[in-house]
Amino acid sequence: MPTPRDIAVLVGSLRRESLNRKAAKTLIEIAPNGLQLEIVEIGALALYNADREDDAPREWTLFRERITRADAVLFVTPEYNRGVPGVLKNAIDVGSRPHGRNRFDGKPGGVVSVSPGAIGGFGANHHLRQSLVFLNVPVLQQPEAYIGGAGKLFDDAGKMTNASTREFLGKFLDAYAAWVEKIAPVTR
Ligand SMILES: Cc1cc2nc3c(=O)[nH]c(=O)nc-3n(C[C@H](O)[C@H](O)[C@H](O)COP(=O)(O)O)c2cc1C
């Protein structure tokens, strides 16, 4: 059986009861056999400061190495003030530097935005895509994944109980798996 593709999942919320983390865990649970999803933690990354590159924080180095190893990156993000939360932007900034060593370069990308609001984090989803263009991350176009009304999708244990959203996320992952193979086919 072929080795599953290594997908680094970046979640843009640090909240214990984060709806985005619950959605990311649902994606992990329902991922097709060809994809191995892992949440890469970003909460301990020091705020990006180029002055620190000469003696880079260990967390930056480990994060950069983890992104380098990944076959692809999947972002699951809330919307903060119609944009990307600072914690996720910071992780992107850390992974993209120092200049000329963008660890995201060419990795197939996917974006899922999750919000209790009605428009499912549309603003953050597209704000994020703006950075991903610059970082040369080719992002899956369709299906778009704006998960709205997310406060009602999970039970008390954090399990996604809404069948149609689970089904939609399954279709999203199938398309994403095909996207990963298209952009970064296995060469072994
Ligand atoms: C600083 C801040 C700004 C927010 N701005 C938005 C927003 O622009 N659009 C939106 O739909 N929700 C907004 N929210 C509400 C978040 O969608 C909500 O807190 C959500 O649960 C955060 O995701 P999480 O559950 O994964 O932590 C904001 C929340 C915070 C803390």
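1. Asn136 sits in the loop between H4 and S5. Helices (H or I, at least four residues) and strands (E, at least two) are DSSP runs, numbered from the N terminus. Phi of Asn136 is near 60°, a positive value in a residue that is not glycine. Asn136 is partly exposed, at a relative accessible area of 45%. The scale is this: buried is under 20% relative accessible area, exposed is over 50%, and partly exposed lies in between (1.4 Å probe, protein chains only).

2. A word on the model and its numbering. This is a predicted model, in which local features need pLDDT of at least 70 and side-chain atom pairs count only at pLDDT 80 or more, while totals for chains, interfaces and linings use all residues. Residues are numbered from 1 along each chain as its sequence is written, and side-chain values use heavy atoms, with hydrogens and water left out.

3. Arg82 also departs from the usual glycine case: its phi is positive, about 65°, although Arg82 is not a glycine. Arg82 lies in the loop between S3 and H3. Arg82 is exposed, with a relative accessible area of 58%.4. The ligand shell includes Arg82. Its other members are Ser13, Arg15, Ser18, Leu19, Asn20, Pro78, Glu79, Tyr80, Asn81, Ser115 and Pro116. A residue belongs to this shell if one of its heavy atoms lies within 4 Å of the ligand. By class, the shell has four nonpolar, five polar and three charged residues. Ala, Val, Leu, Ile, Met, Phe, Trp, Tyr, Cys and Pro count as nonpolar, Asp, Glu, Lys and Arg as charged, and the others, Gly among them, as polar.

5. Which atoms of the ligand pair with Glu79, Asn81 and Ser115? A polar side-chain atom of Glu79 is 2.7 Å from a ligand nitrogen. A backbone N or O atom of Asn81 lies 2.8 Å from a nitrogen atom of the ligand. The side chain of Ser115 places an N or O atom 2.7 Å from a ligand oxygen. The protein covers 70% of the 620 Å² of accessible area that the ligand has on its own. Areas come from the Shrake-Rupley method with a 1.4 Å probe.

6. Ser18 has a second role to note: Ser18 caps the N-terminal end of H1. A side-chain oxygen of Ser18 lies 3.1 Å from the backbone nitrogen of Asn20. Both Ser18 and Asn20 are in the ligand shell.

7. Does the length of H1 agree or disagree with its residue count? At 1.5 Å a residue, its 12 residues should span 16 Å, and the end C-alpha atoms are 17 Å apart, which agrees. The expected span is 1.5 Å times one less than the number of residues. Among the buried residues of H1 are Leu19, Asn20, Ala23 and Leu27. The buried residues pack against strands S1 (5-11), S2 (35-39), S3 (72-77) and S4 (109-114), and against helix H5 (163-183).

8. Thr26 belongs to H1 (residues 19-30). Thr26 is buried, with a relative accessible area of 1%. Beyond its neighbours within four places in sequence, Thr26 is in contact (heavy atoms within 4.5 Å) with Phe154, Met160, Arg166 and Leu169.

9. Three prolines deserve a look. Pro85, in the loop between S3 and helix H3 (86-96), is buried at a relative accessible area of 0%. Not counting residues up to four places away in sequence, Pro85 touches Gly12, Thr77, Pro78 and Tyr80. Pro98 is in the loop between H3 and S4, and the peptide bond from Arg97 to Pro98 is cis, with omega near 0°. Pro143 follows Gln142 through a cis peptide bond, with omega about 0°. Pro143 lies in the loop between helix H4 (122-134) and strand S5 (145-147).

Notes
A polar contact is a pair of N or O atoms within 3.5 Å; within protein, one must be able to donate a hydrogen and the other to accept it, and residues adjacent in sequence count only if both atoms are side-chain atoms.
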